[in-house]
Structures are given as structure tokens and as C-alpha cells.
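Here is a note on the charged contacts and the cysteines. Please read it alongside the coordinates.

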Amino acid sequence: MGTPARDDSVDVIKGIGIFFVVTNHCFSRTTRKFLGVEVTEDLTLYAINRAIHFAVPVFLFISCAMLARSFTARPDIKRYAVARFRKTFVPYVVASILYYFLVFGTIGPNTWLDLLTRTATGRAHFHLYFTIVLIQISVVVPLLVLLLGSRRMDWRWAALAGIGLQVIVYGVQREWFQWERPASVFVWYLVPLLLGVAVGRSSVASEEIRRASPVLILLTLTAMAAYVWASIAPLRGATASSDLINFTYAIFTAALALVLWSSTPTWPKGQPRQVVRRLGEVSLPVFLIHPAVMYALGGPRVTSLIEQMPASVVFFWLATLLFSYLAARVLVASRLGRWVLGQGEESKRVTIASP
């Protein structure tokens, strides 16, 4: 059985996701740089920041769904491992090396050990933790598929099981593990993992989710409001536990992922759909490149020019998004870029299951 044809809606979801990744990162940077305000110190700004902070779990959900669908259709471990190595591991290692030297610049006696440590833990740059999680997910998904065999995992039970297990992980992290960077470990994303596998392997889940979309939309808005309210508690003079924040975040992002899964086959329409789809086609290179573009736009000379522009915050964001997209298109059009991204000569289109 061959691999299913690529779905246009997948690119649309990724386009929406990468749009908000760049928006969120620019939002934090520009409020500090051009408004002189830390996002975490202003109630309104931080509320906005949290409300648009959903891309990583959504990306992991769609990645798990696509990986599960592909491996279920063709359960060839060797082929799968080679594809994941080329399309996820190689881009991650290359990006880690380049960003490490971009940030730290010089080579010292402990450079190579430090580089190895940071690459192994997703700390070569602030955004690469997601990619190290994706590598872990790429190992776990086929194991789950093999464990399930021919049994169907209902997406509703998968969501409940994921949330229940996630609460346990939060408690274990708080009481025993106390990892410094828990978001770099796949067990921090059990809800999108289980939900993605359930949806990716089911031929009826999409229609069931579509019928449940009114409830899911209401759940998304309610959970988002609760997550934002809990997150800004310190700025309101109140307190909220990290478990409550993480719990409401898991529900918010899971419900939103399902809403996007059910709506993107038909929404948006027309030219907006084409724009979002084309952005989604190069979501991985845009994800890898955009911090470098932000770095280039953040120099003193460029900053002084941007400060003279009307709505400098918006200008910086649009410039980052545009230059990242153009650089991504150049990358996937080049032989070296396709090699780094694990693409063959036969195609210049990015067709991987990650952003």
C-alpha cells in the first residue's frame, strides 16, 4: 500500500501555525525593542502573547497524525527511519550547528562538548527545543502504531487518556523529576501525541470531529480564556499553579488542533487559502530561518531605520515574515537546501510532517 497523497489542508494548518510562531516571537521581541516594555510585565500584552501561544502542540498534533497515517499505510521500519533521519534529524543538526556559532561565535577548549550537549538537549538556540521533541516523537509514533496493531483508538478516548496522563506527568515533574526544561521532552505533549495518532489512523475521525466542531469551538474558547486568565494571575495580583496553567493549555491547544483539523479542508477559501497554503509548504525552513532573520533585523543600524517607520512593531513583524518566507523558498529551490531538508532532486516542494 502506497503513502497517501498529501492533503492541502495539512499545508493550511501548518501555514496558520508558522504564521503564529513568527508572530509570537516577533511580538515578544518588538514590545521590548520598540515599546520598551517586557511582554511579561504588561497585563494586556502578556494576555495577547498567551492567546497566540499555541503553535507547538498544534504542529506536534499534525506531525503525529501524518506520521501515524504514513507508517500505518506502509509499516516499513527501515524506510521510515531513513526518511526521519533525512527529513528531521539532519535539518535539526545543521540548524543547531549554525545557530550555535551565530550566538557564541568563537571556538574555545570546551566548544565541541558544549555544542554536542546543547544539540542533544535542544538548547543550541531558543526555538530548536521543538525540533528535538519532534525527533523523539518520530521514534514514539511508530512504536504506538505497532502496539495498537489493527485496533482503532477513538480520538475522544485518546484525548481523555492524554489529559489524564499529562496531569500525572505534571505531578511527577513537580514532585520528583524537576527537569530544567520539561518542554524539551515528548512526555510534556502526550495529548497531541495520542490525539494525533488516533486521528491519523482513523478513516472516520475527520467526519466525527467535524460533527463535533461546535462543541470543540466552545471548548477552545473556554480553555483559552482559562489559560490566559491563569497565566496573567501574577499581573492581576493573584496566584495560579503551574499545573493549572499547563492543564488549561493542554485542553486549549488540543481542542484548537481538532477545530483546525475539521475546518481547514474547506476554510479559508480563495486567495487567503493560497497564501496560507504556500506559507505552510515551507513551514520547516521558515521555522528554522526566522530567528536568524530577526537577528539580522535587530542590529543597531537596521533598528534605527525601523524606528523611523510608522508602526515599527508591525513593520518588523512583516519584514521578518516576508524575508523568512523568501529565504525559505530560495532554500528549497537549491540543491543544498533540498539535501539539508531531506528532499530528493525530483521535487522542490517541502513534503515533511514537521513545521
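Helices here are DSSP runs of H or I with at least four residues, numbered from the N terminus. The model is a predicted one.

1. R277 and E281. Both residues sit in helix α12, four residues apart, which is about one turn of the helix. Their side chains form a salt bridge with an N to O distance of 2.4 Å. R277 is buried and E281 is buried as well. For R277 the relative accessibility is 17%, and for E281 the relative accessible area is 7%. Buried is taken as under 20% relative accessible area, so both values qualify.

2. D8 and R277. R277 also meets D8 in a salt bridge, at 3.8 Å from N to O. D8 belongs to helix α1 (residues 8–34) and R277 to helix α12 (residues 270–281), so this pair ties together parts that are 269 residues apart in sequence. D8 is partly exposed, its relative accessible area being 28%, whereas R277 counts as buried. A salt bridge requires the nitrogen to lie within 4 Å of the carboxyl oxygen, so the 3.8 Å pair is counted.

3. E281 and R329. The closest N and O atoms of R329 and E281 are 2.8 Å apart, and the two residues form a salt bridge. This pair links distant parts of the chain: R329 lies in helix α15 (residues 312–333) and E281 in helix α12, 48 residues apart. R329 is partly exposed at 22% relative accessibility, while E281 is buried.

4. The network. Which residues are linked together by these contacts? The salt-bridge network consists of D8, R273, R277, E281 and R329. Within this network, R277 pairs with D8 and also with E281, and E281 pairs in addition with R329.

5. Total count. How many salt bridges does the structure hold? The number is 14. Among them are the D8 to R277 contact and the R329 to E281 contact.

6. Cysteines. The structure holds zero disulfides. A disulfide would need a pair of cysteine sulfur atoms within 2.5 Å, so no cysteine pair in the model meets that cut-off. Are C26 and C64 buried or exposed? C26 counts as buried at 1% relative accessibility, and C64 counts as buried at 0%.

Conventions. Residues are numbered from 1 along each chain as its sequence is written. This is a predicted model: local features need pLDDT of at least 70, side-chain atom pairs count only at pLDDT 80 or more; totals for chains, interfaces and linings use all residues. Side-chain values use heavy atoms; hydrogens and water are left out. Helices (H or I, at least four residues) and strands (E, at least two) are DSSP runs, numbered from the N terminus. Buried means under 20% relative accessible area, exposed over 50%, partly exposed in between (1.4 Å probe, protein chains only).
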